[in-house]
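Here are some worked exercises to go through with the viewer open. Try each task yourself before you read the solution.

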Amino acid sequence: MLRQIIKDFVIQQFNVDPAVFDRPDLKVSDLGLDSLGVVEMLFEVEDLYGFQVDDPARYSSMSFDEMVADMETTIR
């Protein structure tokens, strides 16, 4: 569910091609978001789930699935 929320947000806000998310090796950096874009994406998730990411810059080097898994762990 979180994966889909993030995916939909990135597609709508940053005009990312939905097909990009079909790649199993997708990195957050492959989404083409600058650091402000990554922060905007995180704010969206933080607002929905009521948590705060300590170091948002760390996501830039993660795969998309690793980022989602990390967020899910933080939410729990």
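**Exercise 1. Helix α1 against helix α3**

In which hand does α1 pass α3 in their crossing? Work out the geometry of the pair, keeping in mind that this is a predicted model.

*Solution.*

Step 1. Start with the hand: the crossing of α1 past α3 is right-handed.

Step 2. Now the angle. The two axes, α1 and α3, come within 10 Å and cross at roughly 125°. Angles of 65 to 115 degrees count as roughly perpendicular and those over 145 as roughly antiparallel, so α1 ends up oblique to α3.

Step 3. Finish with the residues that meet. On the α1 side you'll find L2, R3, I6 and K7, and they meet F64, D65, M67, V68, M71, E72 and I75 of α3.

**Exercise 2. Helix α1 against helix α2**

Do the same for the other pair: at what angle do the axes of α1 and α2 cross, and which residues make the contact?

*Solution.*

Step 1. The axes of α1 and α2 come within 10 Å, and their crossing angle is roughly 135°.

Step 2. That value makes α1 oblique to α2.

Step 3. As for the hand, α1 passes α2 in a right-handed crossing.

Step 4. From α1, the contact uses L2, I5, I6, F9, V10 and F14. From α2, the partners are G37, E40, M41, E44, V45, L48 and Y49.

**Exercise 3. The core and two of its residues**

How many residues does the largest nonpolar core have, and which helices each supply at least two of them? Then follow I6 and V10 into the core.

*Solution.*

Step 1. The largest nonpolar core has 23 residues. I6, V10, L31, M41, F64, M67 and M71 are the ones with the most contacts inside it.

Step 2. Each of α1 (2-14), α2 (35-49) and α3 (64-75) supplies at least two residues of this core.

Step 3. Take I6 first. I6 sits in helix α1. Is I6 buried or exposed? Its relative accessibility is 0% and the cut-off for buried is under 20%, so I6 counts as buried.

Step 4. List what I6 touches, leaving out residues up to four places away in sequence: M41, V45, F64, M67, V68 and M71.

Step 5. Now V10. With that same exclusion of residues up to four places away, V10 touches N15, V16, F21, L31, L33 and M41.

**Exercise 4. The salt bridges**

How many salt bridges does the structure hold? Pick out pairs that link distant parts of the chain, and look for a network.

*Solution.*

Step 1. The count is four salt bridges.

Step 2. Go to R3 and D65, whose side chains meet in a salt bridge at 3.0 Å, N to O. R3 is in helix α1 and D65 in helix α3, so this pair ties together parts that are 62 residues apart in sequence. R3 counts as partly exposed at 27% relative accessibility, and D65 is partly exposed too, at 38%.

Step 3. Next up is R58 with D70, a salt bridge whose closest N and O atoms are 2.6 Å apart. This pair also links distant parts of the chain: R58 is in the loop between α2 and α3, while D70 is in helix α3, 12 residues apart. R58 is partly exposed at 28% relative accessibility, and D70 is partly exposed with a relative accessible area of 23%.

Step 4. For the network, look at R23, D25 and D30, which are joined by salt bridges that share partners. Within it, the closest N and O atoms of R23 and D30 are 2.8 Å apart. R23 is partly exposed, at 34% relative accessible area, and D30 is partly exposed with a value of 34%.

**Exercise 5. Around the end of α1**

Is N15 buried or exposed, and what is its phi near? Compare with the setting of Q13.

*Solution.*

Step 1. Place N15: it belongs to the loop between α1 and α2.

Step 2. The phi of N15 is near 55°, a positive value in a residue other than glycine.

Step 3. N15 has 69% relative accessibility and the cut-off for exposed is over 50%, so N15 counts as exposed.

Step 4. Q13, for its part, is in helix α1 and counts as partly exposed at 47%. Q13 and V38 are 25 residues apart in sequence, with their C-alpha atoms 11 Å apart in space.

Definitions and conventions. Residues numbered from 1 in each chain as written. Predicted model: local features only at pLDDT ≥ 70, side-chain atom pairs only at ≥ 80, totals over all residues. Heavy atoms only, no water. Core = buried A, V, L, I, M, F, W, Y, C linked by side-chain atoms within 4.5 Å. Buried < 20%, exposed > 50% of the residue type's maximum accessible area, 1.4 Å probe, protein only. Helix = DSSP H or I, 4+ residues; strand = E, 2+ residues; numbered from the N terminus. Contact = heavy atoms within 4.5 Å. Axes fitted to C-alpha atoms, helices over the stretch in contact; angles between N-to-C directions. Parallel < 35°, antiparallel > 145°, perpendicular 65-115°, else oblique. Left-handed = near helix turned anticlockwise from the far one by under 90°.
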